[in-house]
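Dear colleague,

I am handing over the structure below, and I would be glad if you kept it open while you read the notes that follow it.

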Amino acid sequence: MNVERAVSARGEQRPRGTSVRPGRPALRRREIAFAAGLLLAFVPALEAMAAEWNGREEMSHGALVPLVSLWVVMRDRRRLARIPIAPDARGLLALAAGLGLYAVGSGAGLAFPQGLAFVLAVSGAVWWLRGP
């Protein structure tokens with residue numbers, strides 16, 4: 001069996017695509033490419049949400065949601081890293097529902113369904129690729 005190998009900073013060989021840290025799988029190229037594609041697909045929705053956040057005082061807190069979410073993930077990163085990866089095809093249903101809602105929201109020109117679709121699609125993608 002021919003396995004491509006990568007060399008770590010310490011000169012240790014490991015299978016390509018695996019994490020330098022034991023017990024912590026690296027993001028695969030497929031996951032990174034999928035996340036980039038999903039982000040690009042939702043650029044109009046993100047712009048619509050930003051316009052809502054900037055245009056309506058009662059929605060101005062929306063810009064803090066991604067920052068607070070990032071803070072929570074970074075705060076709990078060690079605990080999150082210990083969660084076993086178990087991809088689940090049921091996540092595709094949530095992803096498809098999110099993409100469908102995005103199509104409806106875009107067609108109607110409504111920002112709220114587009115934002116909800118983004119959250120649903122990202123959740124479905126994580127569920128599909130990494131598990132529930």
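Helices here are DSSP runs of H or I with at least four residues, numbered from the N terminus. With that in mind, please remember throughout that this is a predicted model.

Let me begin with a loop. Pro-84 is found in the loop that lies between helix 4, residues 77-81, and helix 5. Is this proline buried or exposed? Pro-84 has a relative accessible area of 65%, and because exposed means over 50%, Pro-84 counts as exposed. You may also like to look from Pro-84 towards Arg-130, since the two are 46 residues apart in sequence, while their C-alpha atoms are 8.4 Å apart in space.

Next comes the interior. Which residues make up the largest nonpolar core? That core has nine residues, namely Leu-38, Phe-42, Ala-45, Leu-95, Tyr-102, Ala-117, Phe-118, Ala-121 and Ala-125. Helix 5, which runs over residues 91-108, and helix 6, which runs over residues 111-130, each supply at least two residues of this core, and the largest share, four residues, comes from helix 6. Tyr-102, one of the nine core residues, is a useful place to pause, for when residues up to four places away in sequence are not counted, Tyr-102 touches Ala-41, Phe-42, Pro-44, Ala-45, Gln-114 and Ala-117.

The charged side chains are my last topic, and a search of the whole structure finds six salt bridges. Among them is a bridge between the side chains of Asp-76 and Arg-75, with an N to O distance of 3.1 Å. Asp-76 has a relative accessible area of 18% and is therefore buried, as the limit for that word is under 20%. Another bridge joins Asp-88 to Arg-90, with the closest N and O atoms 2.6 Å apart, and here Asp-88 is buried as well, at a relative accessible area of 13%.

Salt bridges that share partners also join Glu-52, Arg-56 and Glu-58 into one network. Within this network, the side chains of Glu-52 and Arg-56 meet at 3.0 Å, N to O. How accessible are these two residues, Glu-52 and Arg-56? Glu-52 is partly exposed, with a relative accessible area of 28%, and Arg-56 also counts as partly exposed, at 36% relative accessibility.

With kind regards

Terms used. Residues are numbered from 1 along each chain as its sequence is written. This is a predicted model: local features need pLDDT of at least 70, side-chain atom pairs count only at pLDDT 80 or more; totals for chains, interfaces and linings use all residues. Side-chain values use heavy atoms; hydrogens and water are left out. A nonpolar core is a set of buried Ala, Val, Leu, Ile, Met, Phe, Trp, Tyr and Cys residues joined through side-chain atoms within 4.5 Å. Buried means under 20% relative accessible area, exposed over 50%, partly exposed in between (1.4 Å probe, protein chains only). Contact means heavy atoms within 4.5 Å. A salt bridge is a side-chain nitrogen of Lys or Arg within 4 Å of a carboxyl oxygen of Asp or Glu.
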